[in-house]
Amino acid sequence: MREITFAEAIREALRHEMKLDDKVFIFGEDVGAFGGCFGVTAGLFQEFGPDRVMDTPISESAILGTALGAALMGLRPVPEIMFIDFTTVCFDYLTNQAPKVRYMCGGQVQKLPLVVRTTSGGWIRAAGQHSQSLEGWFTQVPGLKVVMPGTPYDAKGLLLAALRDNNPVLYIEEKALYATSGPVPEEEYLVPLGQAEVKRTGKDVTLITYAGMLGHTLAAAETLAGAGIDAEVVDLRTLSPLDHDTLAKSVQKTHKAVVVQEACEMAGVAAQVIKSLVDSSFGYLDAPIKTVAALNTVIPFSPPLEDITLPSADKVVQAVKALMA
Amino acid sequence: MMDLPKEKLLSMYKTMVAIRGFEESLAEAVTAGTLPGFVHLGVGQEAVHVGVCSALRPTDWMSSTHRDHGMILARGADIKRMRAEIFGKATGYCKGKGGSMHLAVYDKRATGCNGILGPSQTINNGVALALKREGQGNIAAVVFGDGAAHRGEFHEALNFAACWKLPALAICVNNHYAISVCFDDACSVDDIAARAAGYGIPGLVADGNDVMAVYEAVSQTAKIIREGKGPALLELKTSRWRGHFEGDPQPYRTPEQLATDKKKDPIARFAKQLLEQGLATDAELQALKVQADQELQEAIEFTDKSDYPGPEELFTDLFYTERRAV
């Protein structure tokens, strides 16, 4: 199968949907002729024109408010918030507004097709206000789906599924993955929201992860294989709703689990995964569930400091070895 | 000024009277302890509600504030389902899940109130964008208070709407108090409308206690917007007669001040205009009041007889379950 990058896979999904439906339009800061801060929308402005790919003022609240109003009217907006760190200035729309409209009006509004794209994660040497992994916050919002792909294949399939979902979806793209490549079919396919996937089968321990940490975790699994430890790797892909069944099935087979996330450890997705496993699989566990996450500190600019703040394949290997000892 | 058909003028009068009765009945229910939650009443602002809605087309869209039950009633919503919603009943417009502060009536193109000040102004841009693409000359009006004019969204929304030449009408209802803080202490200029200059859009001020002045101002402004000239900002100066919420003891304004405000009663003023110009008789106006009272009584009975939503409603309407077919 042909290989393309993570960024190309996202662009391919956007272009595919824009060709199918002229109600789909993209807007945000620098998404037009510039092609987006990370080049994801490159060429779309030239292909679809200024009515379908629109640059906006630096007004994140207006971007998401406009998107919500347009979705209420039956358009299918795909707004972009350049960094997830910037969702803090338009948090209202992702918490109080879009996810609540349908419920609070008693279903007078039925479809609310709104996919908010944003970027996440570190390793770009941009320090504490451009490198965070804030996805956990949004999983606490009823009415909002949160999606975070870890491969180019899933990036395309999940984005197409999100674009057809008819509900508000926060689609988070790991910046460090944009340049990574992988096999992606040219034709249309959907990766259903809410379904995790076993990316590597194993029998000794389950490593649960998502997004940017997937590659690190798969690398750790290979290293562990060399040490005689056969790890299974589960990729969450959708963080809300969480796929409890796939998690339970894997851990009930391996009896041990390590959860790997790039976000700092406190009260995040990993904590919820552990809660899910305690509920479903407590009696199957042979050891406490461990977490590998960013340190609970601000992500520093200085590259060596950033590297030790964020999790890594080495840290996953160490955590698993300690668990198996 | 009074070149509207008599039928429309009398209908406007009746709606103003109906809104006043509706709101006062809610005040009584709060006092009696039968209505829970925060209730913000628009008594004294009926000229704004009726003037704005009478000037808009049924095909326009509008959103309003937490003090605007009257706006949605003036939009033509069913008074029974309005009251039922405010009391949290299953027969309410939002199945009792929104309540007073989040009332919305989509079949009247009234997206309603928002519990957060500011977002309605940016959301209105999205509605306006869709209307612009439809090209039918409809506009999106957003009504917000002088307090919400100080949110950053006021700036973001107007700049955005002006850049994209959206058919958006921003209506600031300045009732001079943001909860307890007086407008004079919270705003650096005398008129919110003066800020329009900063966006290169029209900014107008009108007397919000005169329903015909409101009607004229909205009609004129909407006309400019329908012509595709982009957004406009209209400020309506009025006053609220009651506290910010029911139960607010209002230590921030004197009884004398309130008495002065009440002398500007928009309903008495409109009645006087109608009578003086021979457009209505005392008996006609009285008959409209009786009719409105009767409809309110029916709404009260409807609400009292309605059930609360059952627990099976807890998770309905959270998500749409069908994926879009291609």
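**A walk from helix 3 of chain A to the sheets**

Just after helix 3 of chain A, Gly74(A) adopts a positive phi of about 95 degrees. The structure in which this glycine sits is a predicted model, and the helix before Gly74(A) is a convenient place from which to begin. Helix 3 of chain A covers residues 60-72, and at 1.5 Å a residue its 13 residues should span 18 Å, which agrees with the 18 Å that separates its end C-alpha atoms. Since a residue counts as buried when 20 or more other C-beta atoms lie within 10 Å of its own, it is informative that 13 of the 13 residues of helix 3 of chain A are buried, so this helix is largely enclosed by the rest of the structure.

Helix 3 of chain A also takes part in the contact between the chains, to which chain A gives 37 residues and chain B gives 35 residues. On the side of chain A that touches chain B, helix 3 and helix 4 (91-104) of chain A each supply at least two residues, and the largest share, nine residues, comes from helix 3 of chain A. Sorted by class, that side of chain A has 17 nonpolar, 15 polar and five charged residues.

Elsewhere in chain A, five strands form an open sheet with mixed pairing, in the order 9-11-10-13-14. Its edges are strand 9 (197-200) and strand 14 (290-294) of chain A, each of which pairs on one side only, and neighbouring strands of this sheet are turned by 25 degrees against each other on average, direction ignored. Within the sheet, strand 10 (residues 205-209) and strand 13 (residues 257-264) of chain A run parallel and are joined by three bridges, with Ile208(A) standing opposite Val259(A) in strand 13 of chain A. Helix 7 (residues 213-226) of chain A packs on this sheet, where it touches strand 9, strand 10, strand 11 (231-235) and strand 13 of chain A, and its direction makes about 170 degrees with that of strand 11 of chain A.

A further residue of chain A, Asp314(A), lies in helix 11 (residues 313-324) of chain A. Asp314(A) and Thr223(A) are 91 residues apart in sequence, yet 9.0 Å apart in space, C-alpha to C-alpha. With 13 other C-beta atoms within 10 Å, Asp314(A) is partly exposed.

Turning to chain B, six strands form an open sheet in the order 2-1-3-4-8-7, and here the pairing is parallel. The edge strands, each pairing on one side only, are strand 2 (110-112) and strand 7 (203-207) of chain B, while neighbouring strands are turned by 20 degrees against each other on average, direction ignored. Strand 1 and strand 2 of chain B pair in the parallel sense over two bridges, and Met62(B) stands opposite Ala110(B) in strand 2 of chain B.

Strand 1 (residues 61-63) of chain B also pairs in the parallel sense with strand 3 of chain B, over three bridges, and Trp61(B) has Ala140(B) as its bridge partner there. Strand 3 of chain B runs parallel to strand 4 (residues 168-174) of chain B, to which six bridges join it, and Ala141(B) stands opposite Leu169(B) in strand 4 of chain B. Together with helix 6 (residues 152-163) of chain B, strand 3 and strand 4 of chain B make a right-handed β-α-β unit.

Six of the six residues of strand 3 (residues 140-145) of chain B are buried, so this strand is largely enclosed by the rest of the structure. Both of its faces are covered, with Ala140(B), Val142(B) and Phe144(B) buried on one side and Ala141(B), Val143(B) and Gly145(B) buried on the other.

Technical notes
Residues numbered from 1 in each chain as written. Chains lettered and ligands numbered in written order. Predicted model: local features only at pLDDT ≥ 70, side-chain atom pairs only at ≥ 80, totals over all residues. Buried ≥ 20, exposed ≤ 12 C-beta atoms within 10 Å, placed from the backbone. Helix = DSSP H or I, 4+ residues; strand = E, 2+ residues; numbered from the N terminus. Pairing = 2+ DSSP bridges. Right-handed = clockwise from strand over helix to strand, strands pointing away. Axes fitted to C-alpha atoms, helices over the stretch in contact; angles between N-to-C directions. Contact = placed C-beta atoms within 7 Å. Expected span 1.5 Å × (residues − 1). Nonpolar A, V, L, I, M, F, W, Y, C, P; charged D, E, K, R; others polar.
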